[in-house]
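Trainee: Could we go through this structure together? I should like to begin with the aromatic rings.

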Amino acid sequence: MKIEKLTKKQIELQAQIRDEWIDIALHKQDFDKEEIEAGVKWLYYISNLKEPKIVIVDGPKDFSAKFSASVGASVGASVWASVRASVDYACLSGDAEFGAYYEYWKKIKAIEPNKKSDKYIGYLKSGAFYVFFFKKVAFVMIRPTTVKQNERKQLHSITDPALAFKDGTEIYKINGVQFEKEWWTKIVNDQMTPEEIFAIDNMEHRRVAYEFMDKTKMKSLKDYKVLDEIKDDSYGYPMKVISFTIKQLDEPLKYLNCFCPSSGREYFLGTDKYNCIDAKAASFGLDKIKFLKEW
């Protein structure tokens, strides 16, 4: 059936199914071992592959240990591409996107039900978090014991690991950005100096660390100066080019301090320019230009 325009109910159904699959992928703790094993065997069967040995793992650490023990005759080349060709995708929680799309299109009758896809959906709902397919063995990871997210559904916690597994693995994330525990602890407790933050090479890590920093600390930077400033960048955000010196370097560093108009995220982008417009143009790899409208 061809659909020209979505109804109000069909639009509302999108969020409902999205949230259902987020719950399936991350939060449900049920684990149907028989259903999972049957699903993995079926995937290998329709891919014209021999039935594999199936190993259940409790998390990334457990997978690493059991995978290492299996290296040799029991583990051959990855058959990921072969399985994907049979049912579009071949991971579990990572395939929640497929599950959500398929069930949504089916419910609004935009597509006809498909037996293979229906069976695959049942497999995705059976309780695994992730799988790793190899020629003779398939590793199936159970869901994490703890999952914490922000209002945008990004993995996030400033009090505990955002993800924790039965095997003791802990993953620390702030608004979807992953950190080692040591760095995460310093950032959420504002234990980093501005010098340390601006020495971070990873731009996303630097952005998040600055977000949690007491901004009055900026004045402690050696030779801190605002070289140019625009009060309103036409989207309601200020923009600055700042300069300062850190201990590791003799030459001053210059950054364009700006905001993304779509997400509102604040960034510090390294620059060699002295004014906001030139620095902004250079951040896009352009020469001096006049900005009329951004999309």
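Mentor: Certainly. Please note that this is a predicted model. The count of aromatic pairs comes to 22.

Trainee: Could you take one pair, Phe-134 and Phe-139: how are the planes of their rings set?

Mentor: The ring centres of Phe-134 and Phe-139 are 6.1 Å apart and the planes stand at 85 degrees, so the pair is edge-to-face. The cut-off behind this is that planes over 60 degrees apart count as edge-to-face.

Trainee: Are Phe-134 and Phe-139 buried or exposed?

Mentor: Phe-134 is buried, and Phe-139 is buried as well.

Trainee: And which residues form an aromatic cluster with them?

Mentor: One cluster is made up of Phe-63, Phe-67, Tyr-130, Phe-132, Phe-134 and Phe-139.

Trainee: Rings and charges next. Which ring does the charged end of Lys-215 sit over?

Mentor: Lys-215 places its charged end over the ring of Tyr-210, 4.7 Å from the ring centre. There is also Lys-254, whose charged end sits over the ring of Tyr-274 at 4.5 Å from its centre.

Trainee: Let us turn to the nonpolar core. How many residues does the largest one have?

Mentor: The largest nonpolar core has 45 residues, and Trp-21, Val-40, Tyr-123, Phe-133 and Val-140 are those with the most contacts inside it. Elements that give two or more residues to this core include helix H2 (33–46), helix H5 (96–107), helix H6 (115–124), strand E2 (128–133) and strand E3 (137–142).

Trainee: Which element gives the largest share?

Mentor: Helix H1 does, with seven residues. Another core lies apart from this one; it has 23 residues, including Tyr-172, Val-177, Met-192 and Phe-244.

Trainee: Is there a general tendency behind such cores?

Mentor: In soluble globular proteins, nonpolar side chains tend to be buried together.

Trainee: Now the pockets. What lines the second largest pocket?

Mentor: That pocket holds about 210 Å³ of space. Its lining has 13 residues, and Asn-175, Arg-207, Glu-211, Arg-265 and Glu-266 lie nearest the centre.

Trainee: How does the lining divide into nonpolar, polar and charged residues?

Mentor: One residue of the lining is nonpolar, five are polar and seven are charged. Helix H9 (residues 203–212) gives the most to the lining, with three residues.

Trainee: I should also like to look at the backbone. Which phi does Asp-190 have?

Mentor: Asp-190 is not a glycine, yet its phi is positive, at about 50 degrees. Most residues other than glycine have a negative phi. Asp-190 belongs to the loop between helix H7 (181–188) and helix H8 (194–198). Its relative accessible area is 25%, so Asp-190 is partly exposed.

Trainee: What about Ser-234?

Mentor: Ser-234, again a residue other than glycine, has a positive phi near 80 degrees. Its loop runs between strand E8 (222–230) and strand E9 (239–245). Ser-234 counts as exposed because its relative accessibility is 67%, and the cut-off for exposed is over 50%.

Trainee: One last topic: where is Gly-59?

Mentor: Gly-59 is in the loop between strand E1 and helix H3 (60–70). With a relative accessible area of 0%, Gly-59 is buried. Along the chain Gly-59 and Phe-165 are 106 residues apart, while their C-alpha atoms are separated by 5.4 Å.

Trainee: And how far apart in space are Ile-158 and Thr-185?

Mentor: Their C-alpha atoms are 8.4 Å apart, with their positions 27 residues apart in sequence. Ile-158 lies in the loop between strand E4 (146–147) and strand E5 (163–164), and at 41% relative accessibility it counts as partly exposed.

Technical notes
Residues are numbered from 1 along each chain as its sequence is written. This is a predicted model: local features need pLDDT of at least 70, side-chain atom pairs count only at pLDDT 80 or more; totals for chains, interfaces and linings use all residues. Side-chain values use heavy atoms; hydrogens and water are left out. Rings of Phe, Tyr and Trp (its six-membered ring) pair if their centres lie within 6.5 Å; planes under 30 degrees apart count as stacked, over 60 as edge-to-face and the rest as tilted. Buried means under 20% relative accessible area, exposed over 50%, partly exposed in between (1.4 Å probe, protein chains only). A charge sits over a ring if NZ of Lys or CZ of Arg is within 6 Å of the ring centre and within 35 degrees of the ring normal. On a 1 Å grid over the protein atoms alone, a cavity is a set of points where a 1.4 Å probe fits but cannot get out, and a pocket is an open set with protein on both sides within 12 Å along at least five of seven lines; lining residues have an atom within 4 Å of a point. Grid points are joined across faces, edges and corners, and a volume is the space filled by probe spheres set on the points. Helices (H or I, at least four residues) and strands (E, at least two) are DSSP runs, numbered from the N terminus. Ala, Val, Leu, Ile, Met, Phe, Trp, Tyr, Cys and Pro count as nonpolar, Asp, Glu, Lys and Arg as charged, and the others, Gly among them, as polar. A nonpolar core is a set of buried Ala, Val, Leu, Ile, Met, Phe, Trp, Tyr and Cys residues joined through side-chain atoms within 4.5 Å.
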